[in-house]
Amino acid sequence: MRTPNGANTPKSEGLPAGAARVIWLLIVAAFVAILNETTMAIAIPHLNADLGIPPELGQWFTSAFMLTMAVVIPTTGYILQRFTTRQVFLAAMIAFAIGTLVCLIAPGFTVLLTGRVIQAAGTGVMMPLLMTTLMSVVPASQRGRWMGMVSMVISLAPALGPSLSGLVLDTLHWRWLFGIVLPIALISLVIGAKWMTNLGETSTAPFDVPSVALSALAFGGIVFGLSQFGADTTDAPAGALSPVLLGSVVTGCGAVFLALFVWRQLVLQRTDRALLDLRTFKSRNFSIAVITMTIIAIAMFGTLTLLPLYLQNVAGLDALQSGLVLMPGSLLMGLLGPLMGVIYDRKGPRALLVPGTIMIAAALSVYSTVGESTPVLLLIVVQAVMSVGLAMSFTPLFSASLGSLPMKLYSHGSASLNTMQQVGGAMGVAVLIAVYSSILHGGEAAGLSTAAAGAPGARLAFLIAAGISLVPVVLAWFVRRPADQEEPSASAR
C-alpha cells in the first residue's frame with residue numbers, strides 16, 4: 001500500500017517527514033475556525049440592540065453561517081482531490097481571515113452578514129481537510145490517538161464558544177469577538193504559508209456544475225428550512241408568512257433536490273466524476289458510524305443551543321455565568337480527546353462508544369427534569385458527564401467510519417460525515433428550539449413569567465433529546481474496528 005504521493009506507507013512508529021507539522025497546523029486552524037461558529041449565539045441580542053435590527057434579522061448571523069457551511073462541505077470531497085493540501089489550506093484560511101476582518105469593521109447588518117458568510121466558506125473546508133489529510137498519512141495503528149486530537153477540536157471549540165462569548169460581551173464590545181480571533185487566524189495563515197507542505201496527489205476530474213447547484217439547493221434548503229422551525233415570531237410583523245409553513249415548504253423542496261443530487265452522483269460515480277462519491281455508504285461500518293454521529297449531533301447541537309436559553313431565561317443566569325456552567329465540561333471534553341484516542345487504538349470502538357452513548361443519554365434524561373430552581377452545581381455536573389460521553393463517542397466514530405474506506409474515498413467520506421453532522425445539528429436545533437419556544441410563548445400569552453413559561457418547554461425539549469439519544473446506545477454495539485486497524489499490514493476497506 002502506498003500513500004497518495006507515491007511514498008511507501010509509513011510504519012506504525014512514525015509519520016512521513018513533515019506530516020506531523022502539517023496535521024498540527026490544520027488542527028490549530030480548524031480549532032480557531034470552529035470556535036468562531038458558536039460565539040455568535042449569545043451575541044445576537046447585543047447585535048440586535050447595537051445595530052438597531054429586529055430579532056428575525058439578527059438570527060441570520062447564525063442561519064447564514066450554517067447555510068454556507070451546508071453548501072460548502074458537500075463540495076469538499078471534490079475540492080480535496082482536485083487541489084493540493086497547501087492550496088486548500090491557504091484558500092480556506094485567507095477566506096476565514098478576510099471574513100473575520102469584514103465582521104470586525106462592519107458598519108451595519110449587511111456587511112456583518114457578508115463577513116459571516118465569507119468566514120463560513122473557509123470554516124466549511126477545514127474539518128474535511130484535516131480528516132482527509134490525517135487518514136492519508138497516519139498509520140492505521142495510530143489513527144485513534146490522532147483522531148483524538150480531531151475530536152478535541154470538534155467538541156471543545158463549539159463548547160467553548162458560548163463561554164468566550166459571554167466573557168467578552170460582559171466586559172468588552174461585541175467587535176472583540178472578531179478582534180480576538182483575527183490575530184490568531186493571521187498567525188496561523190502566516191505559519192501555514194511558510195511551513196505547509198503538500199500531502200497527496202491531485203486528480204483531474206472535471207467539475208460538475210449541476211451537482212454543485214443541486215447540492216446547494218438540497219443541503220442549503222434543508223438546513224434553512226429546519227432553521228425556520230425554531231424562529232422567534234414574537235416581534236414578527238402582522239401578515240408575515242409563518243416560519244413553520246415556510247420551513248416545511250423549503251425543507252420539502254430541499255428533500256426533492258437531495259433526491260436529484262443523489263441520483264446524479266450515482267450516475268457520475270460510475271466514471272469517477274461524482275462531486276460527492278456515495279460509494280462510501282457501501283461500507284456497512286461507515287454507514288452505521290455516520291448515522292450514529294448524525295443522531296449524536298442532533299442531541300449535541302440542539303442541547304448546546306437550548307442550554308444557554310434555559311440558563312438565562314429560566315435559571316436567571318447572565319451570559320457570563322451561563323458560559324461558566326459549560327466551561328468545566330468543555331475543558332473535560334477537550335482534554336480527554338487524546339486519551340480516548342489511545343484507548344481506541346488499544347481496545348477498539350465499543351470500549352468507548354457503548355459507555356459514552358449511555359452517559360449522553362443519562363445526562364439528557366437528567367436535563368429533562370430541570371426547572372427554575374435547579375441547583376447550578378447539578379447543571380455543571382450533568383454537563384460534565386455529557387461532555388465526557390461526547391469525548392468517548394467522537395474518536396471511535398471518526399476513526400471507525402473513515403478507516404472502513406479505501407484511500408481514494410477518504411475525502412468523500414470526510415465530506416459525507418461532516419455534511420451529515422451539519423444537517424443533524426440543524427435538525428437538533430430546529431426541533432428543540434421549536435418545542436421550547438412554542439411552550440414558552442404559550443405560557444407568556446397566558447400571563448406566566450418568562451421563567452415559569454420556559455421551564456416546561458425546556459424539560460420537554462430535553463426529554464425529546466434524551467429519547468433521540470437512545471438510538472446511538474443501540475447502534476454503538478454494531479460499530480466495529482476497521483480491518484486495517486486490527487492488522488496493520490492489511491489494506492483499508
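**Figure 1. Helices H1 and H6 lie roughly parallel to each other.** In this predicted model, the axes of H1 and H6 (residues 85–105) come within 12 Å and cross at roughly 25°. Axes here are lines fitted to C-alpha atoms, for helices over the stretch in contact, with angles running from 0 to 180 degrees between N-to-C directions. Angles under 35 degrees count as roughly parallel, over 145 as roughly antiparallel, 65 to 115 as roughly perpendicular and the rest as oblique. The crossing of H1 and H6 is left-handed, a term used if the near helix is turned anticlockwise from the far one by less than a right angle, with right-handed used if clockwise. On the H1 side, Val22, Leu25, Leu26, Ala29, Val32, Ala33 and Asn36 make the contact, and Thr85, Phe89, Met93 and Phe96 do so from H6. Contact means heavy atoms within 4.5 Å. Helices are DSSP runs of H or I with at least four residues, strands are runs of E with at least two, and both are numbered from the N terminus.

A note for all views: residues are numbered from 1 along each chain as its sequence is written. Because the model is predicted, local features need pLDDT of at least 70 and side-chain atom pairs count only at pLDDT 80 or more, while totals for chains, interfaces and linings use all residues; side-chain values use heavy atoms, leaving out hydrogens and water.

**Figure 2. Helix H1 also meets helix H9, this time roughly antiparallel.** The axes of H1 (residues 19–37) and H9 (residues 176–195) come within 10 Å and cross at roughly 160°. H1 passes H9 in a left-handed crossing. From H1, the residues in this contact are Arg21, Leu25, Val28, Val32 and Asn36; from H9, they are Phe178, Val181, Ile184, Ser188, Ile191, Gly192 and Trp195. If you look along the contact residues, it helps to remember that an α-helix has 3.6 residues a turn, so residues three or four places apart point the same way.

**Figure 3. Leucine 129 sits in helix H7.** H7 (residues 109–137) has 29 residues and reaches 43 Å from its first C-alpha to its last, close to the 42 Å expected at 1.5 Å a residue. The expected span is 1.5 Å times one less than the number of residues. Is leucine 129 buried or exposed? At 2% relative accessibility, leucine 129 counts as buried; buried means under 20% relative accessible area, exposed over 50%, and partly exposed in between, using a 1.4 Å probe and protein chains only. Most of H7 is covered too, with 23 of its 29 residues buried. Leaving aside neighbours within four places in sequence, leucine 129 is in contact with Leu26, Leu80, Thr85, Val88 and Phe89. Its C-alpha atom is 9.3 Å from that of isoleucine 79, 50 residues apart along the chain.

**Figure 4. Helices H12 and H14 share a left-handed crossing.** Their axes come within 12 Å and cross at roughly 35°. Ile296, Ala299, Thr303 and Leu307 of H12 make the contact with Thr357, Ile360, Leu364 and Tyr367 of H14. Threonine 357, in H14 (residues 350–367), is buried, with a relative accessible area of 2%. Not counting residues up to four places away in sequence, threonine 357 touches Ile296, Ser393, Pro472, Val473 and Ala476.

**Figure 5. Aspartate 272 is found in the loop between helices H11 and H12.** The flanking helices are H11 (243–268) and H12 (284–313). Phi of aspartate 272 is near 55°, a positive value in a residue other than glycine. With 48% relative accessibility, aspartate 272 counts as partly exposed.

**Figure 6. Leucine 335 of helix H13 is exposed.** H13 covers residues 319–347, and leucine 335 has a relative accessible area of 67%. Leucine 335 and alanine 391 are 56 residues apart in sequence, yet 8.9 Å apart in space from C-alpha to C-alpha.

**Figure 7. Helix H15 is largely enclosed by the rest of the structure.** Of its 27 residues, 21 are buried. H15 (residues 376–402) should span 39 Å at 1.5 Å a residue, and its end C-alpha atoms are 39 Å apart, in agreement. For the wider setting, the protein chain has 18 helices and zero strands, and 58% of its 493 residues count as buried.
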